[in-house]
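The exercises below are meant to be worked with the sequence and the coordinates open side by side. Please try each task before reading its solution.

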Amino acid sequence: AGNQTQSATLTVKGTQALVVPVSTSFGGVTVGQSRTLAVPVRNIGDATSGPVSRIVVSTGSSTPAGTFTLLGSTCGSPLPAGGQCIADVRFAPSQPGSFAASLYVTAIPGTQPNGNAGTMNGTGL
C-alpha cells in the first residue's frame, strides 16, 4: 500500500462576548418632570460574558449633573450569548435644551476595560 495524501478544511469560529447598552432617546420632557426608561444591555456576541461589574452614566460638560441618573439594574450576573439585562435610567431636565450622556457597561470578558458605551439623549421642554 502506498502513502496517500488527504486534505481537510478546518473552520474555526471564534467565541467572544460583546456586551453593549442600547442607545436610547428619552424624547421631550417638560422641565421639572422626569421620564424613566428601561435601557437594555445586551450580549450580542456568541459566548457568555463575564459578570457585569460596573454601569456608569457619564455626561459631558454641556449636560448638567443629575440630568441622567442610573436608578438601578438587573445586571450583575454573566450574560449568555443573546442575553440581556436592564438598566433603569431617569432623564430629568432642569432647563430647556438638548442633552446627551453615555451609559458605560463593563463585563470582562465582554467589554473594553473601561466598558462599552451606548448613547442617551433627551430634550428639556
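**Exercise 1.** Locate glycine 28 among the strands, and decide how far it is covered by the rest of the chain.

*Solution.* Glycine 28 belongs to strand S2, residues 24–29, where strands are DSSP runs of E with at least two residues, helices are runs of H or I with at least four residues, and both are numbered from the N terminus. Its relative accessibility is 35%, so glycine 28 counts as partly exposed, given that buried means under 20% relative accessible area, exposed means over 50%, and partly exposed lies in between (1.4 Å probe, protein chains only). Once residues up to four places away in sequence are set aside, glycine 28 touches Arg35, Thr123 and Leu125, a contact being heavy atoms within 4.5 Å. Proline 96 is 68 residues from glycine 28 in sequence, yet the C-alpha to C-alpha distance between the two is 9.7 Å.

Before going on, note that this is a predicted model, in which local features need pLDDT of at least 70 and side-chain atom pairs count only at pLDDT 80 or more, while totals for chains, interfaces and linings use all residues. Residues are numbered from 1 along each chain as its sequence is written, and side-chain values use heavy atoms, with hydrogens and water left out.

**Exercise 2.** Describe the overall make-up of the protein chain: how many helices and strands are there, and what percentage of its residues count as buried?

*Solution.* The protein chain has 0 helices and 8 strands, which gives the pattern β-β-β-β-β-β-β-β along the sequence. Of its 125 residues, 34% count as buried. When contacts between residues at least 6 apart in sequence are taken, 71% of them join residues at least 24 apart.

**Exercise 3.** Work out the strand order of the open sheet of 4 strands, and name its edge strands.

*Solution.* The order is S1-S3-S6-S5, with antiparallel pairing; two strands pair if DSSP finds at least two bridges between them. The edge strands, each pairing on one side only, are S1 (19–21) and S5 (68–73). From one strand to the next the twist averages 25°, with axes taken as lines fitted to C-alpha atoms and angles running from 0 to 180 degrees between N-to-C directions. Strand S5 pairs with S6 (residues 84–91) in the antiparallel sense over 5 bridges, and serine 73 has alanine 87 in S6 as its bridge partner.

**Exercise 4.** Compare the settings of serine 49 and serine 102: where does each lie, and is each buried or exposed?

*Solution.* Serine 49 sits in the loop between S3 (35–43) and S4 (52–59), and it is buried because its relative accessible area is 5%. Beyond its neighbours within four places in sequence, serine 49 contacts residues including Ala17, Val19, Leu79 and Pro109. Serine 102 lies in strand S7, residues 97–107, and is also buried, at 18%. Its contacts, under that sequence restriction, include Val56, Ser58, Gly118 and Met120.

**Exercise 5.** Identify which strand gives the most to the largest nonpolar core.

*Solution.* The largest nonpolar core holds 20 residues, and Val41, Val52, Ile55, Phe68, Leu103 and Met120 have the most contacts inside it; such a core is a set of buried Ala, Val, Leu, Ile, Met, Phe, Trp, Tyr and Cys residues joined through side-chain atoms within 4.5 Å. S2, S3, S4, S6 and S7 each supply at least two residues, and S7 gives the most, with 5 residues. Outside its neighbours within four places in sequence, valine 52 is in contact with Cys75, Leu79 and Val105, among others.
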